[in-house]
Amino acid sequence: MTTLAPPPGQESAHRSHRAAPPADGGLNARARRLFTGPEDDPRWARPALWAILLLATALYAWNLTSITGNTFYDAAVYSGTKSWKAFFFGALDSGSFITVDKPPFALWVMGLSARVFGYGTWQLMLPMVAAGTGSVAILYRSIKRDFGAVAGTISAVVLTLTPITVAITRDTNPDPILVLLMMLGAVALLKAVRNGKLMPLVWSAVAIGFAFNTKMMQAYVVLPAFFLVYLWATNVSLGKRIRNLAVATVALVVSSAWWMVIVDLIPASSRPYIGGSTDNTVWDLVIGYNGFGRIFGASSSVGSQGNGASFGGSSGLYRMFNEIMGGQISWLIPFAAIALIAGLVLRGRAPRTDPKRAALMLWGGWFVLHFLTFSLAEGTFHPYYVTAMAPGIAALAGAGGVLLYRAFREGAAAKWAWVLPVAIAASTVWAVVLLQRVSGSGTVYTVAEIVVAVAGIASVLGLLVGRFTHRHRLMGFAALAAVVALLAGPAAYSVSAATSSTNGTNPTAGPSTGGGMGGGGGGGGMGGAPSGAKSGTKPSGSAPSGTRPSGSGSAPSSSSSSSSNSSASSESGSESGTQQAGGGGMGGDTQVSSAMITYLKKHQDGATWLLAVSTDQTASSIILESGQPVISMGGWSGSDNAMTLAKLKSLVKSGKLHYITVSSTGGQGTNSEITTWVKAHGTAVSAYSGLYRLDASDVS
């Protein structure tokens with residue numbers, strides 16, 4: 001076939017336009033595309049994405065300086081800014097006596113921000129906000145690639161407005177970092193499925209490995225779906241798929257285990273005690289406290305985790321829908337489940353390597369695996385864990401919703417005329433049920449209930465009338481009404497999470513329902529958490545989250561770390577001021593006030609640690625107020641064997657520790673020996689109940 005060349009004048013003009021743009025034309029064009037998107041995108045797509053990312057950032061960062069954060073992790077980050085050793089190990093205190101009960105990657109991210117910009121609220125929150133907004137952008141790009149801009153936009157909006165995601169992203173728990181890393185792994189895996197190359201699969205494994213070093217076994221929940229999708233859908237031979245998976249598995253093991261192996265190879269005397277473990281090894285933490293202990297509850301290997309303590313209600317398939325969890329995550333679960341099944345049916349005859357079906361399998365597996373894991377877990381369970389399930393629900397809502405709408409409009413079979421309306425009706429009815437549960441909690445929820453009901457009815461009727469009368473414009477308006485119906489409820493909860501204070505340890509969105517923030521069926525949260533519940537509300541007297549500990553001089557006279565803050569105590573049930581007796585018998589009921597901290601700093605006498613207390617909660621609050629390292633002898637719940645009598649004597653004899661708090665009611669359990677010895681050999685500080693001074697001369 002011969003192609004005629006354009007006339008000389010036109011050719012010259014054409015070449016001039018293509019090859020000789022203005023000097024800055026290329027840069028300007030790239031800048032314009034950044035804001036307008038690729039040329040084949042709808043004109044509304046990129047501005048809509050920017051609006052969604054702006055909304056996500058606003059929700060996550062609104063009134064940033066008022067965010068409390070989790071004092072447990074805040075103290076570890078602060079300690080990491082004072083000591084690179086504490087930074088590497090994820091130690092609670094800068095003296096590196098004991099680690100937190102998680103691997104340190106999220107602490108590293110926050111710690112680097114704090115080292116660069118200084119320790120403060122926005123410095124710790126900056127990586128969390130970036131991770132949350134980044135996850136929205138990644139999901140949009142992934143869904144848009146396979147299902148188009150409409151699907152990507154819907155998915156991004158759903159993830160942005162997932163209530164529990166808003167709540168946890170406004171906190172210093174590690175989950176936003178975990179989700180971002182897992183999503184990077186998912187996107188890399190889908191790329192490997194499309195092009196059959198090894199390196200994207202390896203990078204996917206590395207991302208999950210870093211996620212493991214953020215929250216251990218929770219990062220592996222998605223792995224069965226990853227392996228299945230790659231093995232099934234990749235367009236290379238079976239032998240090459242198996243070989244590539246074997247290489248990626250090696251990369252996964254290396255990227256997951258390197259920190260654990262290094263730490264466990266270091267002699268125990270040269271590193272901090274591994275908080276949460278029963279034998280001072282990271283391996284035990286992996287398989288016990290942060291592994292099978294989370295799934296099966298009581299176990300000899302999970303220490304304090306044993307009683308199945310739950311802040312999200314009783315385990316079972318209904319957990320995601322109960323009065324605690326329902327408003328956090330379940331709004332679109334009915335729609336997502338129907339969309340997953342219908343989407344797989346619609347792609348049933350596609351080739352094995354069909355990218356749309358591969359994406360549905362991945363995100364559907366992500367959703368199902370998380371749903372089953374979180375629903376059936378009998379160990380410690382916090383509502384914010386389920387933020388990891390949100391990307392799967394959001395992806396299915398966008399991708400599955402678009403597939404259902406196209407089948408609804410274009411499908412010849414009569415059955416497809418009912419699937420989309422049924423999916424919308426199911427989630428609409430469920431949203432009304434959720435909002436009726438909190439109908440007395442504020443006008444916003446009553447208004448949201450009305451909006452959901454009206455928009456849902458209008459959507460279902462509009463779709464059916466439009467379908468059977470062939471009015472496509474009416475169907476389009478009905479689809480928009482469906483978006484309003486399905487997102488009005490989550491939006492109300494999300495705005496609540498962004499504009500009101502939350503418990504930094506057990507953050508949730510929306511009003512308290514049933515047992516409150518994790519109470520009721522789970523036995524915890526507002527008004528009755530187990531004694532091991534993490535205190536996210538700083539005691540009256542700790543430095544506000546984001547306020548650099550003074551590190552010198554006396555604490556502010558108006559502050560107090562005592563039990564006078566009944567609100568903090570009731571919300572978390574932790575030792576925020578008056579420690580409850582029974583935490584291993586060490587520091588069981590000692591009040592730690594600002595006056596006491598001032599006294600300790602004045603009489604520290606060159607000791608490495610300001611004080612030794614029973615648990616992480618008390619230690620973290622004092623660290624943040626005093627700016628000094630504090631020993632947590634019993635870890636999170638007081639049951640860790642971090643402190644032994646021999647170790648205590650060694651610290652006292654070397655002058656590294658002078659002060660310790662013990663229970664005035666006597667010791668319990670494995671630490672009773674320490675309590676007895678301290679009372680027999682130490683000097684009681686009469687001004688502060690339970691406080692004892694120890695010097696080298698007291699060690700026989």
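Here are three short exercises on this predicted model, each with a worked solution. Residues count from 1 along each chain as its sequence is written, and side-chain values use heavy atoms, leaving out hydrogens and water. Local features need pLDDT of at least 70 and side-chain atom pairs count only at pLDDT 80 or more, while totals for chains, interfaces and linings use all residues.

**Exercise 1.** Work out what share of the protein's 700 residues is buried.

Solution. Start with the cut-offs: buried is under 20% relative accessible area, exposed is over 50%, and partly exposed lies in between (1.4 Å probe, protein chains only). By that count, 59% of the 700 residues are buried.

**Exercise 2.** Find the residues that touch the most other members of the largest nonpolar core, then list the contacts of Met389.

Solution. A nonpolar core is a set of buried Ala, Val, Leu, Ile, Met, Phe, Trp, Tyr and Cys residues joined through side-chain atoms within 4.5 Å. This one has 195 residues, and Met320, Trp363, Met389, Leu611 and Ile660 touch the most other members. Helix α18 (residues 390-410) gives the most to this core, with 13 residues; helices are DSSP runs of H or I, at least four residues, numbered from the N terminus. Next, take contact as heavy atoms within 4.5 Å. Leaving aside residues up to four places away in sequence, Met389 touches Met320, Ile329, Ile333, Trp366, Phe367, His370, Phe371 and Phe374.

**Exercise 3.** Place Leu126 in its helix and classify its exposure.

Solution. Leu126 sits in helix α7. Its relative accessibility is 39%, so Leu126 counts as partly exposed.

Note on methods: Helices (H or I, at least four residues) and strands (E, at least two) are DSSP runs, numbered from the N terminus.
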